[in-house]
Structures are given as structure tokens and as C-alpha cells.
Amino acid sequence: MRQPIIPPVRIFLADDSALIRDRTAAMLASSKLKIVGQADTPESCIAGILEIRPDVVVLDAQFSRGTGLSVLNAVRKVAPEIPFIIFSNHATPGYRTRYMAAGAALFLDKSNEASELARAVLSVSGFSGS
């Protein structure tokens, strides 16, 4: 019996740093993970996420002109089914609590939990990888 072909998990990267987006995309590059969109401002993130409807959003907590929380809140009002992984250097308990209370699926610290991001994306997308 043939295994069903499972399409790659479609990811939207939301971070104001092009360097971080590029590094994150490279880290997530695999046959089961596909970057389908990127944006660097809260407004462009909201528009892009709602247009593309990715399987998972990887979202930074802070932007130079706003917050990831505004993105999370705006998208969840319209598309609550899209899971968000917060991937940020602002990983204090206050940030974690605020984002998780707003509906984020997971919160990872860029500085010491980056190696867990691909597994986290697969987990929140509902694809186990096995």
C-alpha cells in the first residue's frame, strides 16, 4: 500500500529583520516545510497572512513599528484556525503570558530554543512527521 502524499506545511514568516527571516527560512528548509510568505511590518503581516492563509505563522513579538500582538489579535479575529508560534528574543514571562493568553500555540526564545522551531511547526500544524 502506498503512503499518501502529504503536502508540505506552509509557513508565513513575520519579522522586521530580513536577516532573521532569511536565517529562519534556511533553518526551516525541508521537504515538509515551505515558506509561502514573509513580511516586515504589522500591517503587511496581517494582509499577507489573511491573503495566503498559511498552515502556521512564525511571528516575532516586537517590530520596529509595532508589535506581534497586534498581528496575532487581528488575524485571530478573522482566521482563528491559523496557529501562531511566537519566535522572539523578548521571551520574558510577561511576554510569554500575554501572547499565550491571546491565542498563540507556542512561544519560543530565538536565543536558546531555535533548534526546536521545525519540530514546533510540525506539531502545531497537525503533521507529526511520521
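Which residues do ring pairs link into a cluster? In this predicted model, the answer is Tyr95, Tyr99 and Phe107. The cluster rests on two aromatic pairs, which is what a search of the whole structure turns up. Tyrosine 95 and tyrosine 99 make a stacked pair, with 6.4 Å from centre to centre and 15° between the planes. Both tyrosines sit in helix H4 (residues 93-101), and because they are four residues apart there, about one helical turn separates them. Tyrosine 99 then pairs with phenylalanine 107 as well, this time edge-to-face, at 6.0 Å centre to centre and with 70° between the planes. A pair of aromatic rings is described by the distance of the centres and the angle of the planes.

How does burial look across this cluster? Tyrosine 95 and tyrosine 99 are both buried. For tyrosine 99 the relative accessibility is 2%, so it falls in the buried class. Phenylalanine 107 comes out at a relative accessible area of 6%, so this ring belongs with the buried residues too. There is also a charged neighbour to mention: arginine 98 lies over the face of tyrosine 95, 5.4 Å from the ring centre.

Moving along the chain from H4, the loop between H4 and S7 holds alanine 105. This alanine has 32% relative accessibility and therefore counts as partly exposed. With neighbours within four places in sequence left aside, alanine 105 is in contact with Pro83, Phe84, Met100 and Val124. As for threonine 92, 13 residues away from alanine 105 along the chain, the two C-alpha atoms are 17 Å apart.

One of those contacts, Val124, leads on to helix H5. The buried residues of H5 are Leu117, Ala120, Val121, Leu122 and Val124. What do they pack against? The list takes in H1 along with five strands by name: S1, strand S2 (33-39), S3, strand S6 (84-88) and strand S7 (106-109). Right after H5 comes glycine 126, with a positive phi near 90°.

Alanine 118 also belongs to H5, which spans residues 117-125, but is this residue buried or partly exposed? Its relative accessibility is 25%, so alanine 118 counts as partly exposed. Leaving out residues up to four places away in sequence, alanine 118 touches Leu28 and Leu33. Valine 58 is 60 residues from alanine 118 in sequence, yet their C-alpha atoms are 10 Å apart in space.

Valine 58 brings us to the empty space in the model, since this residue is part of the lining of the largest cavity. Rolling a probe the size of a water molecule over the atoms shows where empty space is left. How many cavities of 30 Å³ or more does a search of the whole structure find? Just one, and the largest cavity holds about 50 Å³ of space. Its lining is made up of Leu13, Ala14, Asp15, Ile20, Arg21, Thr24, Val58, Leu59, Asp60, Phe87 and Lys110. Sorted by class, that lining has six nonpolar residues, four charged and one polar. Strand S1 (9-14), helix H1 (18-28) and strand S3 (56-59) each contribute at least two lining residues, and H1 gives the largest share, with three.

Threonine 24, one of the lining residues, is found in H1. With a relative accessible area of 5%, this threonine is buried. Apart from residues up to four places away in sequence, threonine 24 touches Leu13, Phe87 and Leu117. Two of those partners, Leu13 and Phe87, appear in the cavity lining as well, while Leu117 is one of the buried residues of H5.

Finally, a word on the backbone. Arginine 53 has a positive phi of about 55° although it is not a glycine. Where is this residue placed? Arginine 53 is in the loop between helix H2 (42-52) and S3. At a relative accessible area of 36%, arginine 53 is partly exposed.

Key. Residues are numbered from 1 along each chain as its sequence is written. This is a predicted model: local features need pLDDT of at least 70, side-chain atom pairs count only at pLDDT 80 or more; totals for chains, interfaces and linings use all residues. Side-chain values use heavy atoms; hydrogens and water are left out. Buried means under 20% relative accessible area, exposed over 50%, partly exposed in between (1.4 Å probe, protein chains only). Contact means heavy atoms within 4.5 Å. On a 1 Å grid over the protein atoms alone, a cavity is a set of points where a 1.4 Å probe fits but cannot get out, and a pocket is an open set with protein on both sides within 12 Å along at least five of seven lines; lining residues have an atom within 4 Å of a point. Grid points are joined across faces, edges and corners, and a volume is the space filled by probe spheres set on the points. Ala, Val, Leu, Ile, Met, Phe, Trp, Tyr, Cys and Pro count as nonpolar, Asp, Glu, Lys and Arg as charged, and the others, Gly among them, as polar. Rings of Phe, Tyr and Trp (its six-membered ring) pair if their centres lie within 6.5 Å; planes under 30 degrees apart count as stacked, over 60 as edge-to-face and the rest as tilted. A charge sits over a ring if NZ of Lys or CZ of Arg is within 6 Å of the ring centre and within 35 degrees of the ring normal.
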